[in-house]
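Me: I have a protein model open and want a quick tour. Can you walk me through it?

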Amino acid sequence: MNKHFVIFGVDIYMNRLVFLLLFFTCLPSYGQKAEKGYQLLWEVKAKGNKKPSYVFGSMHSNDPRLFNFPDSLYSAFAKVDAVVLETDVTQIYDEYDVRLNLFNFDLFDKKRSFASSKKATQTVYGSEDGRPQFLDAYFQQTGYCGGKAFYQLETVQDQLKLAENPELFNTQSTVNGLFFNKESFIQTYLNGDIASLTNMLKTQFKSSPETYDELITKRNQTMAKGLDTLMRKKSVFSVIGSGHLYGSDGVLQLLRQKGFQVRAVQATYTNSTAAEKKLVLSWRNYAITDEENSFRMTFGGKPVQLEDANRKHYIYQELGQGNTFELIIHESADYLDDNRYHFVENDLAKTKESILDAGAQMIEGLVFDPIKGYQWKRFIQFGEVCYELICYGGNKFMHSDRAGKFFQRFEILAEKE
């Protein structure tokens with residue numbers, strides 16, 4: 001799953017990449033407020049393009065409080081043609097395990113299938129008590145479910161180059177600032193005060209201006225250039241870290257310099273549910289239909305299809321809560337029988353077998369993978385094809401009924417001959 005060296009379930013390169021994603025949202029608050037009012041959502045109009053675009057300042061977290069969006073945001077999101085993020089977060093599916101402290105579980109207790117604690121598992125983007133996706137990934141996946149196009153302003157490789165540059169992470173103050181007083185930062189963000197967020201960021205990098213230049217200024221220019229190209233042709237909803245928006249070198253000012261009209265969108269909240277909000281909230285599922293292999297599968301968002309000449313492999317991850325859902329199609333008449341003895345049997349995990357309505361043979365239960373940990377699996381043998389359904393996550397997920405609900409979303413489209 002992870003092509004890099006793993007220590008206690010956390011990839012050492014992932015730590016630095018997550019640093020880039022999270023740094024702008026985990027800084028101390030100094031109480032500086034240059035301007036008042038909600039400054040997270042901005043309308044951007046290009047000359048010659050009748051449909052406006054929008055820029056939204058994000059916080060790379062799955063904290064539930066961040067998702068109390070104003071009605072004006074739902075209205076903007078519903079109208080655009082495409083969603084734009086800093087990078088395509090689905091590219092890290094199957095590359096990194098975002099769950100933390102994976103090895104706190106008792107792996108050898110014959111009576112327990114997972115950790116006995118009901119405490120939420122922590123992830124690099126939050127915890128199981130937060131939303132399934134962190135804020136950026138939520139907009140990407142909601143856009144996919146709503147049929148919108150997607151574009152990225154940077155590649156994961158671009159961000160990894162920064163993460164692997166030791167010169168950018170050689171000051172103790174920079175490292176120490178990562179998780180310092182996060183709650184005060186959240187409150188500043190919830191107030192929509194990007195001016196204060198920018199002041200905090202500049203203060204943090206005061207002793208390392210070259211780091212600020214590489215992580216902020218130069219990337220702002222890259223993002224503004226990409227948005228310039230996209231917004232002249234399409235109506236887009238762009239989600240970028242709130243630390244990139246404000247100031248003379250911020251993305252908003254750079255867009256103004258390129259001739260765009262930029263204005264803050266007032267946050268409006270009503271007791272009634274607007275039509276646009278209902279529409280956006282309905283974009284929750286993404287169905288894969290494969291008539292050649294006679295199945296339909298519904299995921300919580302758009303999965304990635306991994307390249308494999310011998311099988312089809314779909315994977316979808318909830319990066320906020322750290323849960324993973326997979327579907328693998330094997331061209332084998334014996335795959336179920338070959339794997340029926342791999343299940344864990346104990347007081348909490350009982351293997352189940354049955355014949356489905358389509359005449360397919362099914363077996364499901366718990367398995368232990370030496371790299372990914374405990375997984376719930378269901379094998380469905382249908383003639384010469386075996387469908388392998390896999391899901392796993394943190395403590396709460398593994399103790400819940402979500403595995404069964406995921407398995408029930410699979411549908412065989414043809415009857416056995």
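**A small tour**

Reply: This is a predicted model. Start with an open sheet of three strands, ordered β11-β12-β20, with antiparallel pairing.

Me: Which strands stand at the edges?

Reply: β11 (286-290) and β20 (410-412) do. Each has a single partner strand, so one side of each is left without a neighbour in the sheet.

Me: How much does the twist average from one strand to the next?

Reply: The twist averages 15°.

Me: Over how many bridges do β12 and β20 pair?

Reply: Three bridges, in the antiparallel sense. β12 covers residues 295-299. Arg296 stands opposite Glu411 in β20.

Me: New topic, helix α8. Why does a distance of 31 Å between its end C-alpha atoms agree with its number of residues?

Reply: Helix α8 has 23 residues, 209-231. The expected span is 1.5 Å times one less than that number. This gives 33 Å, and 31 Å agrees with it.

Me: Where is the kink in α8 centred?

Reply: On Arg219. The kink is about 30°.

Me: Now pockets. What volume does the largest pocket have?

Reply: About 580 Å³. The lining has 21 residues, and the closest to the pocket centre are Pro132, Arg284, Gly300, Tyr316 and Glu318.

Me: Which element gives the largest share of that lining?

Reply: α3, with four residues. α3 (135-145), α10 (275-281), β14 (311-318) and α13 (402-408) each supply at least two.

Me: And how many of the lining residues are nonpolar, polar or charged?

Reply: The lining has 10 nonpolar, five polar and six charged residues.

Key: Residues numbered from 1 in each chain as written. Predicted model: local features only at pLDDT ≥ 70, side-chain atom pairs only at ≥ 80, totals over all residues. Heavy atoms only, no water. 1 Å grid on protein atoms, 1.4 Å probe; cavity = no way out; pocket = protein on both sides within 12 Å on 5 of 7 lines; lining within 4 Å. Points joined across faces, edges and corners; volume = space filled by probe spheres on them. Nonpolar A, V, L, I, M, F, W, Y, C, P; charged D, E, K, R; others polar. Bend = angle between axes of the 7 residues up to and from the residue. Pairing = 2+ DSSP bridges. Axes fitted to C-alpha atoms, helices over the stretch in contact; angles between N-to-C directions.
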